[in-house]
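Me: I am new to this structure and would like a close look at a single part of it. Please take one helix, explain which of its sides faces inward, and then follow its links to the rest of the chain.

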Amino acid sequence: MERIVARENLKKALDRVKRNKGAAGVDGMTVDDLPAYLKVNWLAIRAQLLDGTYKPQPVRRVEIPKASGGVRLLGIPTVLDRFIQQAVLQVLQSEWDRTFSETSFGFRPGRSAHQAVAKAQTYIASRHAVVVDI
């Protein structure tokens, strides 16, 4: 948790959340409101994170119409929770990503479905008998 709440990690997380923009959560706070909110409330939030008492807010439920009819439910976390999630992600990803297989492409930075398909095609072209997609 100390690495998660470290100043440099938090600055990167805030920059990422600002860059991603996104809608407000249940509290109505926008990405533009977050820096001022953190200036006033960060010490209390940090203490909650470090002692394990921080509780994320509920997500705002939004219905997105599908082209084929019906709706898709979308959950929008508060910008504060997105900020904290990003800070956690940065630390965990730096630790865990290097332990994953070189042939793993799902939900990894700098990797895409297109790269996975290209890799599968090279295996097929080199006469591998099996390509696994999970």
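Reply: What follows looks at helix α1 and then at the residues around it, in a model that is predicted.

Helix α1 runs over residues 7-20, and its 14 residues reach 20 Å from the first C-alpha to the last, which is close to the 20 Å expected at 1.5 Å a residue. Its buried residues are N9, L10, A13, L14 and V17. These buried residues lie on the same side of α1, because they cover an arc of only 135 degrees around the axis. That buried side packs against α2, which spans residues 34-51, and against α3. The face of α1 turned away from the buried side carries the exposed residues E8, K12 and R19.

E8 deserves a second look, since its relative accessible area of 51% is over the 50% that marks a residue as exposed. The side chain of E8 meets that of K11 in a salt bridge, at 3.2 Å from N to O. Both residues of this pair, E8 and K11, belong to helix α1 and stand three residues apart, about one turn of the helix. K11 itself is partly exposed, with a relative accessible area of 43%.

The helix is followed by K21, whose phi is positive, near 60 degrees. K21 sits in the loop between α1 and α2, and at 57% relative accessibility it counts as exposed. Most residues other than glycine have a negative phi. Another residue with a positive phi that is not a glycine is R127, at about 70 degrees. R127 is found in the segment after α4, the helix of residues 113-125, and it counts as exposed at 75% relative accessibility.

The pair within α1 belongs to a count of three salt bridges, and the segment before α1 takes part in the other pairs described here. In one of them the side chains of R46 and E2 meet at 3.6 Å, N to O. R46 lies in helix α2 and E2 in the segment before α1, so this pair ties together parts that are 44 residues apart in sequence. R46 counts as partly exposed, at 28% relative accessibility, whereas E2 is exposed, with a relative accessible area of 52%. In another salt bridge, E95 is paired with R3, and the closest N and O atoms are 2.9 Å apart. This pair links distant parts of the chain, with E95 in helix α3 and R3 in the segment before α1, 92 residues apart. Each partner is partly exposed: E95 has a relative accessible area of 31%, and R3 stands at 46% relative accessibility.

Helix α3, one of the helices that the buried side of α1 packs against, covers residues 79-96 and also holds D81. D81 is buried yet has no salt bridge, and the nearest side chain of opposite charge, that of R82, is 8.9 Å away. A polar atom of the D81 side chain does, however, lie 2.8 Å from the backbone nitrogen of Q57. Leaving aside neighbours within four places in sequence, D81 is in contact with Y54, P56 and Q57.

Key:
Residues are numbered from 1 along each chain as its sequence is written. This is a predicted model: local features need pLDDT of at least 70, side-chain atom pairs count only at pLDDT 80 or more; totals for chains, interfaces and linings use all residues. Side-chain values use heavy atoms; hydrogens and water are left out. Helices (H or I, at least four residues) and strands (E, at least two) are DSSP runs, numbered from the N terminus. Buried means under 20% relative accessible area, exposed over 50%, partly exposed in between (1.4 Å probe, protein chains only). Lys and Arg count as positive and Asp and Glu as negative; His and the chain ends are not counted. A salt bridge is a side-chain nitrogen of Lys or Arg within 4 Å of a carboxyl oxygen of Asp or Glu. A polar contact is a pair of N or O atoms within 3.5 Å; within protein, one must be able to donate a hydrogen and the other to accept it, and residues adjacent in sequence count only if both atoms are side-chain atoms. Contact means heavy atoms within 4.5 Å. The expected span of a helix is 1.5 Å times one less than its number of residues. The arc is that of the directions from the helix axis to the C-beta atoms.
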